[in-house]
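Please open the structure in a viewer and keep the sequence panel at hand. The tour below proceeds by selections, each followed by a description of what is found there.

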Amino acid sequence: MKKFIFGKLVDEENLCNLEHERNEILRHINTENNVVIYGPRNYGKTSLVKNIVVKNFRKTHKKPFIFFVDLFNITDDKSLTFRLKAALEHAMVEIPLKKLTDEIKSFVAHMRPEISIDPVTGATSLSLKAVDYQNTQSIYNIFDVLKNIAKKRELLLIFDEFQDIVRLKSAQGIIRGFLQEIPSPVIIMGSKSHLLGKIFLSPKEPFYQWGATVNFEPIEYEVYHAYIEERFKQRKLRFALPVSVKLQDNMHRVPESINIVCNEIMENYENIEIQQEHINQTIISIIETRQAQYEELLRYYSLNEQIIMASVAKRGSLKQYNAVDYLSALKMNNKTVATIFKKLIDEGHIENHEDAYRINDPLLEIYFKLYR
C-alpha cells in the first residue's frame with residue numbers, strides 16, 4: 001500500500017526514488033567491495049540497506065549471514081562490546097535452529113552459547129556468555145566468531161552510524177584490522193559528514209581512503225512532488241508544484257519530515273486543493289502535539305545551549321557563529337559559543353548546510369520559532 005511512512009523502516013514500495021544509490025550499493029556488494037554511505041539522518045539509508053540490499057543479498061547467496069550493528073551514541077569500549085555482542089546474537093538466531101545447533105560450536109571459541117526457545121511464541125533466543133564488557137579482549141573474541149562464520153557462511157557486515165566510533169581511537173584500529181583480514185563485503189553508514197570526514201579523509205586515521213563512497217543527496221523536487229501526489233490521490237487531494245517545493249524546502253528536503261507533514265494532511269483533508277494555509281495549520285498542529293517531547297529533550301541542555309539553538313532556529317541559518325554582532329546579541333564570549341556549537345554539531349542538532357549553520361530537525365526549528 002502506498003503511504004507516507006515515518007518513524008520506522010520504509011518498505012521498498014514506499015521509498016522515494018533512491019534508484020541510483022540502490023544500484024551503486026548493490027554493484028559494490030556484488031563485487032565484494034567495501035562501501036561507505038554518506039547521508040543526513042532520515043534520508044532513507046537504513047531503510048534502503050535493510051529492505052533492499054539485505055533482501056537482495058539473502059536471495060543471491062545460499063548461506064547468508066547478516067551482521068548489522070548500530071553504533072549510534074556509543075561512548076566507550078564497554079558500550080561498543082555490548083552493541084557488537086547484541087548484534088551477533090541477533091544475527092545468529094536468524095539461522096534455522098537445526099543448522100545453528102550443528103554449526104555453533106565451530107563458530108564460538110571463547111564464549112558459552114545458551115540457546116532457548118520461548119514456550120509461547122516458539123522464537124529462538126541466544127545468549128553468548130563469558131563476555132566481559134570491561135575487557136577489550138572481548139571485542140577481539142566477537143570478531144574471531146565472525147571470522148569463523150565467514151569460513152562457512154556468506155557474510156555481509158553492516159555498521160550503522162559509524163561516525164560515533166570517532167570517540168574511541170583504539171577501537172578504530174581494532175575494527176580496521178579485523179575488516180582487513182576478512183574477505184566479506186562491508187557497508188559503513190553515517191549521518192554526520194564532518195565526523196565521517198575525520199575517520200575516512202585524514203591520513204592519520206586507520207580508515208584513511210577506505211572503501212568506495214555512495215552519497216545520499218536531496219531528492220529532486222519534481223520527483224518528490226510526484227511521490228506526494230501519488231499518495232494524495234487516494235484522498236482526492238490536489239497539490240500544486242510551487243506549494244510542494246515550499247513544503248520540501250521548509251522541511252529541509254528531509255524525507256522523514258516531509259512524510260510526517262503529508263501524512264497529517266492526508267488524515268485531516270479530503271477532496272480539496274492543498275494550499276499553503278493548510279500546510280501551515282498542519283505543521284502548527286504537529287508541533288503542538290510534540291511540544292512536551294521537545295521540552296523533555298531540552299531539559300538535558302543548559303540555558304546557554306538552548307539560547308543558541310533558538311537563535312539559530314529564528315535566523316533560519318547562520319553564516320558565522322563568531323561574528324561580533326552575533327556574539328554581542330547572545331551576550332556570550334567566543335570560546336563559550338564555539339564550545340557549544342561543537343557539542344550541538346557533534347550531537348546532530350546543528351548542521352552545516354551550504355556554508356551556513358542551521359537546526360538539523362526542521363520541526364524542532366519551527367518549535368523554537370513558535371515557543372522560544
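Leaving aside its neighbours within four places in sequence, with which residues is M92 in contact? Select M92 in this predicted model and display its surroundings: the contacts are F65, L100, I104, F107, V108 and L126. M92 belongs to helix 3, and its relative accessible area is 0%, so the residue is buried. One of these partners, F107, lies 15 residues away from M92 in sequence, with a C-alpha to C-alpha separation of 9.9 Å.

**Helix 3 and the sheet**

Extend the selection to the whole of helix 3, residues 77–92. This helix lies across strand 2 and strand 5, and its direction is at about 150 degrees to that of strand 2.

Next, show the sheet itself. Five strands make up this open sheet, in the order 2-5-6-1-7, with parallel pairing. Strand 2 (64–70) and strand 7 (212–215) are the edge strands, each pairing on one side only. On average, neighbouring strands of the sheet are turned by 15 degrees against each other, direction ignored.

For a view of one pairing, select residues 154–160 (strand 5) and residues 186–190 (strand 6): the two pair in the parallel sense over three bridges. Within this pair, F159 stands opposite I188 of strand 6. Helix 1, residues 19–30, packs on the sheet and touches strand 1 (35–38), strand 5, strand 6 and strand 7. The direction of helix 1 makes about 165 degrees with that of strand 7.

Just ahead of this helix, select L18, which is located in the segment before helix 1. L18 has a positive phi of about 60 degrees, although it is not a glycine. Is L18 buried or exposed? Its relative accessibility is 4%, and the residue therefore counts as buried.

**E154 in strand 5**

Return to strand 5 and select E154, which has its place there. Its relative accessibility of 30% lies between the limits of 20% and 50%, which is why E154 counts as partly exposed. Beyond four places in sequence, E154 touches F57, H61, K62, K63, P64 and F65. What does the side chain of E154 reach at 3.1 Å? The partner is the backbone nitrogen of K62. For a longer span, mark the C-alpha atoms of E154 and H28: the residues are 126 apart along the chain, and these atoms are separated by 15 Å.

**Helix 9 and its cover**

Now move to helix 9, residues 241–250, and colour V243, S244, L247 and Q248, which are buried. Looking down the axis of helix 9, one finds its buried residues within an arc of 135 degrees, so they line one face of the helix. An α-helix has 3.6 residues a turn, so residues three or four places apart point the same way. The cover over the buried residues of helix 9 includes helix 8 (221–232), strand 8 (238–239), helix 10 (255–268), strand 9 (273–274) and helix 11 (276–298). Just after helix 9, H252 takes a positive phi of about 55 degrees.

From helix 8, select H225. H225 counts as buried because its relative accessibility is 8%. Residues touched by H225, with those up to four places away in sequence not counted, are F239, A240, L241, S244 and Q248. With S244 there is a polar contact between the two side chains, at 3.1 Å.

**The nonpolar cores**

Which residues of the largest nonpolar core touch the most other members? Select I228, F232, I279, I308, Y326, F341 and I350, which hold that position among its 51 residues. Centre the view on F341: beyond four places in sequence, it touches I308, V312, L318, Y321, Y326, I350 and Y357. Apart from this core lies another, of 47 residues, which includes F67, V69, F162 and the M92 selected at the start.

**A last stop at a loop**

Finally, select E354, in the loop between strand 10 (350–353) and strand 11 (356–359). E354 is not a glycine, yet its phi is positive, at about 50 degrees. With a relative accessibility of 65%, E354 counts as exposed.

Conventions:
Residues numbered from 1 in each chain as written. Predicted model: local features only at pLDDT ≥ 70, side-chain atom pairs only at ≥ 80, totals over all residues. Heavy atoms only, no water. Pairing = 2+ DSSP bridges. Helix = DSSP H or I, 4+ residues; strand = E, 2+ residues; numbered from the N terminus. Axes fitted to C-alpha atoms, helices over the stretch in contact; angles between N-to-C directions. Contact = heavy atoms within 4.5 Å. Core = buried A, V, L, I, M, F, W, Y, C linked by side-chain atoms within 4.5 Å. Buried < 20%, exposed > 50% of the residue type's maximum accessible area, 1.4 Å probe, protein only. Polar contact = N/O pair within 3.5 Å; in protein donor to acceptor, adjacent residues only side chain to side chain. Arc of directions from axis to C-beta.
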